[in-house]
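Here are my notes on this model, set out as numbered points. They go from the overall fold to single residues.

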Amino acid sequence: MEQFAKDFEVHIGKFKKALEKERKKLAEIDSELEPIRKRLTEIENELLAIKREIKEHEARIRDIKNHLKRIEMKTLEAETDREIEMLERDRKRLVEELNQRKARIAELKEKYQNLVIEENDLAKKEFELEEKRKLHEERIQKYLRHIERAMKEIQREIDSYRSLS
């Protein structure tokens, strides 16, 4: 019976070591996943902010274009050089603002594309880590089942030893 207990202890010890090893790997994966998930959340917030800013610029561009049409109509109706000069100055300012806003939209769209690419890369990485995590969790469950079976086996041996005594 003593020999059986020693063998059993060695047998259980192997499973416990393997179990601890899997738990460490699981903890490592979790520590890798945390910053990825955090960055994905940040990217999502940045993408929403960029979309919102693009919409604001596009709305202002529509307003500017409408205003430019009105200036064009007023210029045709203008009677004095002073009126034409003022309208031309306003038109020039609005065209400059229009160009600046178009340039800003182009910058934002490029930034948006880069963030989408980064998000896709991180999502792929997150998926791979989740798969690894799932594999290690399954291994942990397998080792726990082995330990449980071994414990039941030793309990049977102890019970049979007691019945013989």
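1. Lys65, on a model that is predicted, has a relative accessibility of 40%, so this residue counts as partly exposed. Its place is in helix H1. Between the C-alpha atoms of Lys65 and Val95 there are 8.7 Å in space and 30 residues along the chain.

2. The secondary structure is quickly listed: the protein chain has two helices and zero strands. Helix H1 covers residues 2-77 and helix H2 covers residues 81-164.

3. What does the C-alpha trace span along its principal axes? The figures are about 125 × 20 × 15 Å. The radius of gyration of the protein chain is 35 Å, whereas a compact globule of 165 residues would have one near 15 Å.

4. On burial and surface, 22% of the 165 residues in the protein chain are buried. The accessible surface comes to about 12800 Å². Carbon and sulfur atoms account for 51% of that surface.

5. The contacts deserve a separate remark. Taking those between residues at least 6 apart in sequence, 91% join residues that are at least 24 apart.

6. On charge, the protein chain carries 42 positive and 41 negative charges. The mean position of the positive charges and that of the negative charges are 3 Å apart.

7. How many aromatic pairs are there? The count comes to one. The partners are Phe15 and Tyr143, with ring centres 6.3 Å apart; their planes stand at 50 degrees, so the pair is tilted. For the reasoning, planes under 30 degrees apart would count as stacked and those over 60 as edge-to-face.

8. The aromatic pair links distant parts of the chain, since Phe15 is in helix H1 and Tyr143 in helix H2, with the two positions 128 residues apart in sequence. Are the two partners buried or exposed? Phe15 has 14% relative accessibility and therefore counts as buried. Tyr143, at 16%, also counts as buried. The cut-off for this label is under 20% relative accessible area.

9. His136 is placed in helix H2. With a relative accessibility of 8%, His136 counts as buried. Which residues does His136 contact, leaving aside neighbours within four places in sequence? They are Glu22, Lys25, Leu26 and Ile29.

10. Glu32 is found in helix H1. Its relative accessibility is 43%, so Glu32 counts as partly exposed. Glu32 and Ala150 are 118 residues apart in sequence, and their C-alpha atoms are 34 Å apart in space.

11. Ser160 lies in helix H2. At 31% relative accessibility, Ser160 counts as partly exposed. The C-alpha atoms of Ser160 and Glu128 are separated by 48 Å, with these positions 32 residues apart along the chain. For reference, the pair of Lys65 and Val95, at 30 residues along the chain, has a C-alpha separation of 8.7 Å.

Technical notes:
Residues are numbered from 1 along each chain as its sequence is written. This is a predicted model: local features need pLDDT of at least 70, side-chain atom pairs count only at pLDDT 80 or more; totals for chains, interfaces and linings use all residues. Side-chain values use heavy atoms; hydrogens and water are left out. Rings of Phe, Tyr and Trp (its six-membered ring) pair if their centres lie within 6.5 Å; planes under 30 degrees apart count as stacked, over 60 as edge-to-face and the rest as tilted. Helices (H or I, at least four residues) and strands (E, at least two) are DSSP runs, numbered from the N terminus. Buried means under 20% relative accessible area, exposed over 50%, partly exposed in between (1.4 Å probe, protein chains only). Contact means heavy atoms within 4.5 Å. The radius of gyration is taken over C-alpha atoms; the globule rule is 2.2 Å times the number of residues to the power 0.38. Accessible areas come from the Shrake-Rupley method with a 1.4 Å probe; for residues, only the protein chains shown count as cover. Lys and Arg count as positive and Asp and Glu as negative; His and the chain ends are not counted. The place of a charge is taken as NZ of Lys, CZ of Arg, CG of Asp or CD of Glu.
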